[in-house]
Amino acid sequence: EDIPPRWKYHFKVFNEARRQLLNRDIDIYHHMDLSPPWFNPLLMKQISVKSVIGPIQAPHSIPIGSMENVIQRYTGIHLPEKIAKYVHKLLPLIRLMIDTVRKAGFRRNLRYADQLVVVNEAVADYCSHFVDNPEKIKVIPYGVDMELFSFNERDPKSMDIVAIGMLKERKGFQDLLNAFPAVMGTYPNAQLHIFGKGPQRETLEALVSKHGIEENVTFHGYVSHSQIKDFLADCRLFVHPSYSEGYSH
């Protein structure tokens with residue numbers, strides 16, 4: 001669960017990994033799913049075992065509008081409204097400071113890791129600027145089980161639209177909901193199904209109420225892949241309004 005303060009969770013995770021590296025006979029230490037410029041504090045220097053980082057995705061910038069939420073999630077501190085107003089003015093400087101630290105850590109991680117796995121050639125080129133030996137970078141794209149998600153002819157009578165992803169600003173669901181009333185102007189029976197959970201859930205629900213489209217929008221939350229598979233097979237349209245993806249499917 002994404003419960004603040006997240007720094008406690010990360011501290012416990014990396015401390016446990018450090019303990020395991022010290023006390024067990026381990027051949028490879030694998031840090032999965034690293035998105036620049038985040039970093040692993042254990043890989044800030046050479047460790048005693050072989051290390052692999054990957055898959056490394058494309059870098060994502062934290063939107064300035066979501067910086068307050070990021071700070072609150074990581075610190076667990078909810079500032080009084082008067083203080084929050086002043087902090088809001090400092091957000092560009094705070095983001096610059098955070099990104100400077102993160103980028104420095106990310107560079108050191110790439111330098112000291114023995115092997116890097118990236119999701120596409122663009123990320124390989126990006127990472128090559130931070131390493132002495134580009135040969136240690138391997139491109140392995142994300143895969144899709146084509147038997148699980150097999151092709152189906154769409155039903156021309158279906159008015160179901162499906163969107164999937166974590167409910168946060170970068171995924172662009174607010175743009176989708178702002179555009180949906182125009183869709184309903186031409187297709188009044190259109191139904192928008194949003195799958196996923198996240199910190200923006202209440203904000204998006206309020207946006208639905210603002211537009212008066214409660215009867216045409218359903219938030220399903222986090223569901224199993226089998227349910228998503230069924231909706232994708234039967235829907236008229238899949239839409240993905242994300243601003244940035246490492247390797248979208």
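A helix, in these exercises, is a DSSP run of H or I that is at least four residues long, and helices are numbered from the N terminus. Keep in mind that the model is predicted.

**Exercise 1. Find where Q174 sits, decide whether Q174 is buried or exposed, and list what Q174 touches.**

Step 1: Start with the element. Q174 belongs to helix α6, which covers residues 173-186.

Step 2: Turn to accessibility. The cut-off for buried is under 20% relative accessible area. Q174 has 13%, so Q174 counts as buried.

Step 3: Look for partners. Once residues up to four places away in sequence are set aside, Q174 touches E169, Q200, L204, L207 and Y243.

**Exercise 2. Describe the chain as a whole: which elements does the chain have, and how much of the chain is buried?**

Step 1: Count the elements. There are 8 helices and 8 strands in the chain.

Step 2: Picture the extent. Along the principal axes, the C-alpha atoms fill a box of roughly 60 × 55 × 35 Å.

Step 3: Go to the inside. Of the 249 residues, 35% count as buried.

Step 4: Go to the outside. About 15800 Å² is exposed by the chain, and 56% of this comes from carbon and sulfur atoms.

Step 5: Check how the contacts run. Take the contacts between residues at least 6 apart in sequence: 68% of them join residues at least 24 apart.

Step 6: Finish with charge. The chain carries 30 positive and 28 negative side chains, and 9 Å separates the centres of the two sets.

**Exercise 3. Work out how W38 and Y74 are arranged, and why their pair ties together separate parts of the sequence.**

Step 1: Begin with the total. The structure holds 5 aromatic pairs, and W38 with Y74 is one of these aromatic pairs.

Step 2: Classify the geometry. Planes under 30 degrees apart count as stacked. The planes of W38 and Y74 are 15 degrees apart, with 5.9 Å centre to centre, and the pair is stacked.

Step 3: Place the residues. W38 is in the loop between β1 (28-31) and β2 (50-56), while Y74 is in helix α2 (residues 67-75), so the pair links parts that are 36 residues apart in sequence.

Step 4: Add the surroundings of W38. With 34% relative accessibility, W38 counts as partly exposed. The charged end of R102 also sits over the ring of W38, at 4.3 Å from the ring centre.

**Exercise 4. Now do the same for F106 and Y126: what kind of aromatic pair do they form?**

Step 1: Read the geometry. The rings are 6.3 Å apart centre to centre and their planes differ by 35 degrees, which makes the pair tilted.

Step 2: Place the residues. F106 lies in helix α4 (residues 91-112) and Y126 in helix α5 (residues 121-128), so the pair ties together parts that are 20 residues apart in sequence.

Step 3: Set the two accessibilities side by side. F106, at 2%, counts as buried, whereas Y126, at 27%, counts as partly exposed.

Step 4: Widen the view. Ring pairs link F106, Y126 and F130 into a cluster.

**Exercise 5. Examine the backbone: which residues are joined by cis peptide bonds, and what is the phi of D33?**

Step 1: Recall the usual case. Most peptide bonds are trans, and most residues other than glycine have a negative phi.

Step 2: Find the cis bonds. One joins P36 and P37, with omega about 0 degrees, and another joins G54 and P55, with omega about 5 degrees.

Step 3: Place the prolines. P37 is in the loop between β1 and β2, while P55 is in strand β2.

Step 4: Go to D33. Although D33 is not a glycine, its phi is positive, at about 55 degrees. D33 is found in the loop between β1 and β2, and with a relative accessible area of 46% D33 is partly exposed.

**Exercise 6. Compare the settings of S51 and P5: which element or segment holds each, and what does each touch?**

Step 1: Take S51. This residue lies in strand β2 and is buried, with a relative accessible area of 1%.

Step 2: List its partners. Not counting residues up to four places away in sequence, S51 touches Y29, L43, Y112, A113, D114 and Q115.

Step 3: Take P5. This residue lies in the segment before α1 (6-23). Leaving aside neighbours within four places in sequence, P5 contacts R73, Y74, T75 and G76.

Step 4: Add a distance. P5 and A206 are 201 residues apart along the chain, and their C-alpha atoms are separated by 26 Å.

Key. Residues numbered from 1 in each chain as written. Predicted model: local features only at pLDDT ≥ 70, side-chain atom pairs only at ≥ 80, totals over all residues. Heavy atoms only, no water. Helix = DSSP H or I, 4+ residues; strand = E, 2+ residues; numbered from the N terminus. Buried < 20%, exposed > 50% of the residue type's maximum accessible area, 1.4 Å probe, protein only. Contact = heavy atoms within 4.5 Å. Areas by Shrake-Rupley, 256 points an atom, 1.4 Å probe, with all protein chains shown as cover. Lys, Arg positive; Asp, Glu negative; His and termini not counted. Charge placed at Lys NZ, Arg CZ, Asp CG, Glu CD. Phe/Tyr/Trp six-rings, centres within 6.5 Å; stacked < 30°, edge-to-face > 60°. Lys NZ or Arg CZ within 6 Å of the ring centre and 35° of its normal.
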